[in-house]
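Let's take a walk through this protein together, from its interior to its surface. Have the sequence and the 3D view open as you read.

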Amino acid sequence: MYESWFSDRAKRFDASGIRKVFDLAANLEHPVNLSIGQPDFDTPKIAREAAMEAISGRRNGYTPTQGAAELRGVVQKQIDAEYGEGVREAFITSGTSGGLLLALMALVNPGDEVILFDPFFVMYDALVRMLGAKPVYISTYPDFKIDVNKVADAITDKTKLLIFNSPANPTGFVASEQEVRDLTQLVTEKGIVMISDEIYRFFCYDGTFCSPAKFSKDVIVLDGYSKCYGMPGWRVGFAHGPHEVMQQMLKFQQYSFVCAPSVLQLGAIAAIGTDMTDIFNAYRHKRDMIYDGLKDYYEIPKSGGAFYAFPKAPIPSATDFVTKLIQEYQLLVIPGNVFSSRDTNFRISFAASDETIEKGVEILRKAAQACRGNL
C-alpha cells in the first residue's frame with residue numbers, strides 16, 4: 001500500500017549494503033568484526049570534559065548556522081595558515097557527510113553528470129542519484145590509482161562535478177602530489193567543480209598528504225573530526241572553499257541541519273591540537289598487520305592511508321565470499337559491490353584491536369585456502 005507514497009527520489013537507491021551485512025550477522029554471538037568504518041580509540045578526555053562543561057554551562061541552544069564563533073575562528077585560522085588569508089572561507093557542518101549533501105544540493109542539477117572514482121565511498125553514489133544527477137564511474141582497478149587520461153575521456157558537456165577522496169574509503173589509496181596536481185589542472189581547464197573529501201587526511205602512512213586545494217582556490221574541501229579525534233557520533237565537520245559557494249551551502253544548512261550539535265562543537269575545540277601521533281603510528285602498524293598477513297593469500301594493494309584494505313576475493317563473487325565468511329567463520333567484512341560497480345573485492349577495516357585483527361587475518365587465510373582447495 002505504501003509504495004505509491006514514495007517519491008521518485010527514494011526509489012533511486014537502496015539501503016546501504018553495509019546494513020545488509022549487519023542484518024546477515026545479527027544472530028552471531030561473538031563475531032570478529034573488521035567491518036566498522038570508525039576509529040576504535042576514544043575521543044580525547046579533554047574534549048569529552050569540554051563538551052560536558054558546555055552542557056552544564058547551559059550552552060545547549062543553537063549556534064549560528066555557520067558554526068560556533070569559537071570553533072569557526074579556530075578552523076578559519078588553520079585554513080588561512082595553510083592556504084593564505086582571505087583565500088578560502090570556512091564554516092562548520094553537521095559532519096563531513098552533511099557537508100557533502102550541502103555541496104551537492106548547492107551545485108548539482110538533475111541530469112548533470114558527476115564523476116566518481118570506482119571504488120567509491122557508498123554515500124557519493126547515493127547522494128548523486130538522490131538529486132537526480134548521473135554518476136559516471138571511472139575504474140581504478142586493480143591498483144586504485146587515478147588515471148587522468150581516463151578522466152579526460154569521461155568528460156562530456158553534461159559533466160558538472162568530480163568527487164575526489166584521498167586517502168580513500170574503501171581502498172586506502174593515497175594520491176601522490178603529481179596525481180593531485182594533474183587532476184586539479186584538468187578539471188580547472190575544463191571548468192568542472194571539484195569536491196575533495198579529506199576526512200582521512202591525517203591517516204597517511206608512507207608519505208605526506210596533498211590537497212587539490214593547494215593548486216586551485218576553487219576546490220571545495222570537506223573535512224572534520226570524526227576520524228582523527230575518534231568522535232564520529234559527534235557530527236562535527238567543516239567545509240572550506242570560495243566565499244560564493246560557501247554562502248550557497250550555508251543557505252541549505254539553514255533550512256536542513258540548522259547547525260552542527262552546539263555543545264559538541266564546543267567540545268571539539270578542546271580536541272584540536274591534541275597530539276595523536278601515537279594513535280596514527282598504531283594504525284600504521286595495524287595496516288602492516290593486514291598487509292603482511294594477507295599478501296601471500298590475496299591480491300591486496302598496500303593501503304597508503306585511511307584504515308581500510310580492499311583485497312580481491314578468491315572466488316568470482318565477493319558477495320558470496322563475504323556471506324561465507326559471515327556464516328561459516330563469523331567474520332564481518334563488507335562486499336565490494338557496496339562501494340563499486342564490480343563485485344570482485346571486499347573491504348577490511350583495520351580500525352580494530354590488534355587481537356581482533358590477528359583473529360581476522362587467521363580466518364581470512366583459512367578461507368582463502370579453503371576456496372582454492374575447492375577449485
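**A walk from the inside out**

A good place to begin is strand E3, residues 113–118, which is mostly covered, with six of its six residues buried. Please keep in mind as you look that this is a predicted model. The side chains of E3 point in two directions: Glu113, Ile115 and Phe117 go one way, while Val114, Leu116 and Asp118 go the other way, and all are buried. A residue counts as buried here when its relative accessible area is under 20%.

Which strand pairs with E3 in the parallel sense? The partner is strand E4, residues 134–139, and the two are joined over six bridges. To find the pairing on your screen, pick Val114 and look across to Pro135, its bridge partner in E4.

Now turn to the nonpolar interior. In soluble globular proteins, nonpolar side chains tend to be buried together. In this model, the largest nonpolar core has 95 residues, and Leu162, Tyr225 and Tyr298 touch the most other members. Helix H12, residues 354–373, gives the most to this core, with seven residues. A second, separate core has 27 residues, including Leu102, Leu107, Ile195 and Val245.

Tyr225 is worth a closer look. Which residues does Tyr225 contact, leaving aside its neighbours within four places in sequence? Among them are Leu71 and Val75, then Ile199, and further along the chain Ala268 and Ile272. Gly230, Met231, Val236 and Phe238 are also in contact with Tyr225.

Next comes a sheet. Three strands form an open sheet in the order E9-E12-E11, with antiparallel pairing. Its edge strands are E9 (308–309) and E11 (334–335), each of which pairs on one side only. E9 meets strand E12, residues 346–349, over two bridges in the antiparallel sense. For a landmark, find Ala309, whose bridge partner in E12 is Ile348.

Finally, let's visit the surface. Is Arg58 buried or exposed? Arg58 counts as exposed because its relative accessibility is 76%, and the cut-off for exposed is over 50%. You will find Arg58 in the loop between helix H2 (45–56) and helix H3 (69–83). From Arg58 to Gly95 is 37 residues in sequence and 23 Å in space, C-alpha to C-alpha.

Nonpolar residues appear on the surface too: Tyr2, Trp5 and Phe6 make a nonpolar surface patch of about 390 Å². Phe6 lies in the segment before helix H1 (17–24). With a relative accessible area of 43%, Phe6 is partly exposed.

How values were computed. Residues are numbered from 1 along each chain as its sequence is written. This is a predicted model: local features need pLDDT of at least 70, side-chain atom pairs count only at pLDDT 80 or more; totals for chains, interfaces and linings use all residues. Side-chain values use heavy atoms; hydrogens and water are left out. Patches are made of residues with over 30% relative accessible area and no salt bridge: like charges are joined within 9 Å, nonpolar side chains (Val, Leu, Ile, Met, Phe, Trp, Tyr) within 5 Å. Accessible areas come from the Shrake-Rupley method with a 1.4 Å probe; for residues, only the protein chains shown count as cover. A salt bridge is a side-chain nitrogen of Lys or Arg within 4 Å of a carboxyl oxygen of Asp or Glu. Helices (H or I, at least four residues) and strands (E, at least two) are DSSP runs, numbered from the N terminus. Buried means under 20% relative accessible area, exposed over 50%, partly exposed in between (1.4 Å probe, protein chains only). Two strands pair if DSSP finds at least two bridges between them. A nonpolar core is a set of buried Ala, Val, Leu, Ile, Met, Phe, Trp, Tyr and Cys residues joined through side-chain atoms within 4.5 Å. Contact means heavy atoms within 4.5 Å.
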